[in-house]
Amino acid sequence: MSKKTLWGSASAAYQIEGAYKEDGKSLSIWDNYVRIPGKTYKGTNGDVACDHYHRYKEDVKLMKEMGLQIYRFSIAWTRILPNGRGEVNQKGIDFYNNLIDELIANGIEPAITIYHWDLPQCLQDEYGGWASRKIIDDFTNYASVIFENFADRVKKFIVMNEPAIFINLAYLLDLHPPCDKDPVKALNGYHHTALCHAKVVNLYKEKGYDGIIGSSIAFGPTYPASDDPKDIEANKNHNDLHVWWEMDIYFKGEYPKYGLDYYQKKFNAPVIEDGDYELLKSAAKKNDFIGINYYQTAVIAYNPEDGVGSEGGKMNNDGKKGQFVERGIPGIYKSIKNNNVEYTDWDWAIDPDGIRYGMVQLKERYGQPIFISENGLGAFDKLEADGSINDDYRIKFISDHIDAIKQATKEGVDVLAYCTWSFTDLLSWLNGYQKRYGFVHIDFDSKDLTRRKKKSYHWYKDFIKNNG
Ligand code: BGP
């Protein structure tokens, strides 16, 4: 393992901060969406969440005691620019300044995610948010406010978190705000995220800040279902429509040809304006790392003309295992169950070797260092009568993935940092508080949101102490 790999954890503003309308913060699309009946598991929301806004010192103290080397968190746009643009809210800036200073004082490197899904509602209302190119100027301005205020002390920036997830769940699957099903908006929206990333990377470099910058993609490597040439071709086509589609435009500045032909023919989208490729390519060259959030792999098979579509079944957001459904594009591909691996209670495939396999692919395709910005296990944890939480399954999950990462480094992959998802338990967007990821248990039923160290907390602490 490269000596410089930093061991850390990650979070996102909406999932931990709470204080959803305090100190001048305006409402984001998530603050409103969670109030629509039936949208989230049992109507859970982030109004209070972990109350990290008021308790960040206690959380940082726990990080320090663990020996965490890097902590990735996101900025809530609505805290620092309540109108989306214009007047800066000093109280929002103060909160993040305090958090950054507290981290640094405790020997933990802060890493900022600029956008982790909580768009100001006012920009959604004004011009339709990500569906409009107007987002580009507002986003770049928002990023510039972040750089001006925090880049003196923060040296690692992740511009976008999982753009394909927030776009596709909003514009294809009706599962994220603004729930506006329209494949053209999905394709254009994704293109706009890439343009925002590119503008912000260029801005950061032009201003000469002395840190590194990239974006994080939800990376799910895939295997063909068999050695049948039809499955192998289906897998290749799937990746050109999704996996490489999502990555190439960020890290090469172009779309895979098969995917572009398919989407242009079918939807006449995305709309690519003069100068877009130039911008995207110039930023791809300056990008410092590829961020990946790795949870699982998929198996891809050929899908006959009368086969499954992208609809059907519901998403497992209650943790009742066994709700996996095949989805795909008739005549092209479908994703099927992997019978060689175990699944979590939320039907996510557990495949540690997949992260090695995927990172080696990324090294060959892009040749850039990798920042693992999320990896972790969502599970039901049991709080024992004596206050202990014995999450041996999480220890196994994380240590198996770290072993695979070590193997990848032997195969030449440069890993800058590894951040688990997550440090404390937090709100899972659609799955409520019962799907837990943290090293630190939070008793969401108790009034004071008691923090307790899980068994995995002590394990990761020892692991970091011994440098892996
Ligand atoms: C990623 C998000 C995180 C986090 C994680 C776990 O997609 O970037 O914010 O939520 O997945 O997902 P979930 O909470 O759905 O289990």
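## Exercises on strands, helices and cysteines

R327 stands opposite S335 in β10. Let us start from that pair and work outwards. The model is predicted, so local features need pLDDT of at least 70, side-chain atom pairs count only at pLDDT 80 or more, and totals for chains, interfaces and linings use all residues. Residues are numbered from 1 along each chain as its sequence is written, and side-chain values use heavy atoms, leaving out hydrogens and water.

**Exercise 1.** Find the sense in which β9 and β10 pair, then place them in their sheet.

*Step 1.* Strands (E, at least two residues) and helices (H or I, at least four) are DSSP runs, numbered from the N terminus. Two strands pair if DSSP finds at least two bridges between them.

*Step 2.* Three bridges link β9 with β10 (residues 333-336), and the sense is antiparallel.

*Step 3.* The open sheet has four strands in the order β6-β8-β10-β9, with mixed pairing. Its edge strands, β6 (222-224) and β9 (327-329), each pair on one side only.

*Step 4.* From one strand to the next, the twist averages 30 degrees. Axes here are lines fitted to C-alpha atoms, for helices over the stretch in contact, and angles run from 0 to 180 degrees between N-to-C directions.

*Step 5.* Helix α10 (residues 229-241) lies across β6, β8 (298-301), β9 and β10, at about 155 degrees to β6. Contact means heavy atoms within 4.5 Å.

**Exercise 2.** Trace the closed barrel and find which strand β1 joins through five bridges.

*Step 1.* Eight strands make up the barrel, in the order β1-β2-β3-β4-β5-β7-β13-β14, and their pairing is parallel. The twist averages 25 degrees from one strand to the next.

*Step 2.* β1 (residues 6-10) is joined by five bridges to β14 (residues 415-421), and the two run parallel. Across this pairing, S9 faces T420 in β14.

*Step 3.* Helix α9 (residues 183-206) packs on the sheet and touches β3 (109-115), β4 (156-161) and β5 (212-218). The direction of α9 makes about 165 degrees with that of β5.

**Exercise 3.** Explain why C50 has no disulfide partner.

*Step 1.* A disulfide is a pair of cysteine sulfur atoms within 2.5 Å. The whole structure has zero disulfides.

*Step 2.* The closest cysteine sulfur to that of C50 belongs to C419 and is 17 Å away, so it is too far for a bond.

*Step 3.* C50 counts as buried because its relative accessibility is 0%; buried means under 20% relative accessible area, exposed over 50%, and partly exposed in between (1.4 Å probe, protein chains only).
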